[in-house]
Amino acid sequence: MLLAELVETSAAVTATRSRNAKTAAVAELLRRLDPEEVAIGVAWLSGQPRQDRLEVGWAAVREVDAPPAELPTLTLTEADAVLEELAGVEAGSGSRGGRLERLRGLLARATAPEQAFLRGLVLRELRQGAQEGVMVQAIAAAAEVDEAPVRRAVMVHPDLGAVARAAIAGGEAALAAFRLEVFTPVLPMLAGTAADAGDAMSGLGAAIVEDKLDGARVQVHRAGDEVRVYTRNLRDVTGRLPEVVAVARQVEASSVVLDGEAIALRPDGTPEPFQVTMARFGRDHGSDTPLAGATPLRVFLFDVLHVDGEDVIDRPTTERRELLHRIVPAEHRVGSELVSDAAGATEVLRRALEAGHEGVMVKAVDAPYEAGRRGSGWRKVKPAHTLDLVVLAAEWGSGRRTGWLSNLHLGARDDRGDGGGFVMLGKTFKGLTDEVLRWQTEALLEREVRRTRNVVHVRPELVVEIAIDGVQASTRYPGGVALRFARVKGYRPDKSPADADTLATVQAIHRGDLRATV
């Protein structure tokens, strides 16, 4: 197939907001692809090149200036082959030039619309609206099968291209052959958000309530003595986590796939800040290196997906939990409790927060493990810290927020020595309604003191209540800390800047001295 045909479909998908229209356009193109083109078409219409790493950034793409071809002649397989060559350029002297040469040669064979598509593809910045949900439906339509077997195949084998090729070539029989394989990681199941324990328990009756650790999600695969550890985005980090490998070898099974959290703990058992845990994911090292010794990790497992040749993701939560308890030592399991009402869930939440954890997971007793999906059977409860902060500046918005001051620069009172004033902690544009955007644009312009490019700096007079998931160390801001996942709860006209929270309070949250409460 010519690349031009796929680009035309991409433009049609981008131009419509109708999910049905997107699905129909993608399905129609998939039907016309040759078998060897299906994986390419699925990846590219999902907005991703098939190659994991192309090592080509904005600067390189801007540098490559090739006149477009007048007529479309480039095929999908030819373009994909060039990207494969580009990805295969080994690092070292001359590698950048080698990549640019291949990219320039590819773009020289492409028409103007094809060039725009390829540039977006290489930079992974295509915004077509054909994400996994649409693609699963399109694959089912192209193969003339029900959506359920396609979704089940993708759940245990998260290569959409391979699933699409099997579905189109062999129908439901080919889809049924997909099973979870040890050392082929799957996307983790995700949770919905509940306001509190009572909300999380709504409609469930009994539920399993687990401590929610502020660590790094890990998926552990083992076959015999061989172990692999993957992150939530399926990156292999086995060499960086020798402690997790050691625990996997203690599991009483010959082959197993487990879900859990790796986390750094203080001597008293409370969690270190999230960044301390994530520092261990930066490079490969053995357990005898200084970094591993200085920052030991513990792994706590909370689910099992496969054991001794059998997939168990379709079993209910209670059965998977019993299986987990049989094969994993207690000291390596996430704390959990079976509760029957909101009061019981609230008590587990209270204890989790007192232990320094960020909240709880409430899991329906009959829920399967829905890999790669935000299943309704899992609900997370994370009481947030709130801070009263001062607006120091704001950035002009883009897209639908063009013309409004949107991204807020937030500061706490600087209580260090005789300093006074305010110290910046981070930015946020989340939680702002159109009404608030209009109001704050007018209010901030009235307080403008100067401008730098896209930023309007203002007198520090407006106090805003901010919810945060936590605080992390930062060299970017003068206070040494930054807000995590900040969002606006509302302005506080009843408070003056003198009522704003202090830098000392924010630092206490970072140290774990101040914790969220029920």
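# Two sheets, two packing helices and the aromatic contacts

In this predicted model, strand S5 is mostly covered, with 10 of its 10 residues buried. S5 belongs to an open sheet of 5 strands, ordered S4-S3-S5-S6-S7 and paired in the antiparallel sense, while another open sheet of 5 strands follows the order S1-S10-S9-S2-S8 with mixed pairing. The points below take up each sheet in turn, then helix H16, the aromatic pairs and arginine 515.

**The antiparallel sheet around S5**

- From S5, the residues Ser255, Val257, Asp259, Glu261 and Ile263 point one way, whereas Val256, Leu258, Gly260, Ala262 and Ala264 point the other way, and all of them are buried.
- On one side S5 pairs with S3 in the antiparallel sense over 8 bridges, and within this pairing valine 218 has glycine 260 of S5 as its bridge partner.
- S5 is also joined to S6 by 9 bridges, again with the strands running antiparallel, and here the bridge partner of valine 256 is valine 307 in S6.
- Strand S3 (residues 216-223) is in turn joined to S4 by 6 bridges in an antiparallel arrangement, with alanine 223 standing opposite glutamate 226 of S4.
- Helix H15 (residues 317-327) lies across strand S5 (255-264) and strand S6 (297-307), and the helix runs at about 125 degrees to S6.

**The mixed sheet**

- In the sheet ordered S1-S10-S9-S2-S8, the edge strands are strand S1 (190-193) and S8, each of which pairs on one side only.
- Neighbouring strands of this mixed sheet are turned against each other by 35 degrees on average, when direction is ignored.
- The pairing of S1 with S10 is parallel and extends over 4 bridges, and glycine 192 stands opposite arginine 379 in S10.
- H15 packs on this sheet as well, touching S2, S8, S9 and S10, and the direction of H15 makes about 145 degrees with that of S8.
- H16 likewise packs on the sheet through contacts with S2, S8, S9 and S10, its direction making about 145 degrees with that of S9.

**Helix H16**

- Helix H16 (residues 342-354) consists of 13 residues and reaches 18 Å from its first C-alpha to its last, which is close to the 18 Å expected at 1.5 Å a residue.
- Which residues of H16 are buried? They are Gly344, Ala345, Val348, Leu349, Ala352 and Leu353.
- An α-helix has 3.6 residues a turn, so residues three or four places apart point the same way.
- The partners against which the buried residues of H16 pack are helix H11 (197-201), strand S2 (207-212), strand S8 (336-339), strand S9 (359-364) and strand S10 (374-381).
- Just after H16, glycine 356 adopts a positive phi of about 95 degrees.

**Aromatic pairs and charges over rings**

- The structure holds 4 aromatic pairs, one of which is tilted, because the rings of tryptophan 44 and phenylalanine 117 have centres 6.3 Å apart and planes at 50 degrees.
- Tryptophan 44 lies in helix H3 (residues 38-45) and phenylalanine 117 in helix H7 (residues 112-122), so this pair ties together parts that are 73 residues apart in sequence, and both residues are buried.
- Phenylalanine 302 and tryptophan 378 form an edge-to-face pair, 6.2 Å from centre to centre and with 75 degrees between the planes.
- This edge-to-face pair links distant parts of the chain, phenylalanine 302 lying in strand S6 and tryptophan 378 in strand S10, 76 residues apart.
- Phenylalanine 302 is buried at a relative accessible area of 13%, and tryptophan 378 is buried at 2%.
- Phe302, Tyr369 and Trp378 form one aromatic cluster, and the charged end of lysine 363 sits over the ring of tryptophan 378, 3.8 Å from its centre.
- Elsewhere, arginine 484 lies over the face of phenylalanine 274, at 4.5 Å from the ring centre.

**Arginine 515**

- Arginine 515 is placed in the segment after helix H18 (503-511) and is partly exposed, with a relative accessible area of 35%.
- Leaving aside residues up to four places away in sequence, arginine 515 touches Thr270, Leu353, Glu354, Ala355, Gly356 and His385.
- Arginine 515 and glycine 470 are 45 residues apart in sequence, and their C-alpha atoms are 9.4 Å apart in space.

Conventions: Residues numbered from 1 in each chain as written. Predicted model: local features only at pLDDT ≥ 70, side-chain atom pairs only at ≥ 80, totals over all residues. Heavy atoms only, no water. Helix = DSSP H or I, 4+ residues; strand = E, 2+ residues; numbered from the N terminus. Expected span 1.5 Å × (residues − 1). Buried < 20%, exposed > 50% of the residue type's maximum accessible area, 1.4 Å probe, protein only. Contact = heavy atoms within 4.5 Å. Pairing = 2+ DSSP bridges. Axes fitted to C-alpha atoms, helices over the stretch in contact; angles between N-to-C directions. Phe/Tyr/Trp six-rings, centres within 6.5 Å; stacked < 30°, edge-to-face > 60°. Lys NZ or Arg CZ within 6 Å of the ring centre and 35° of its normal.
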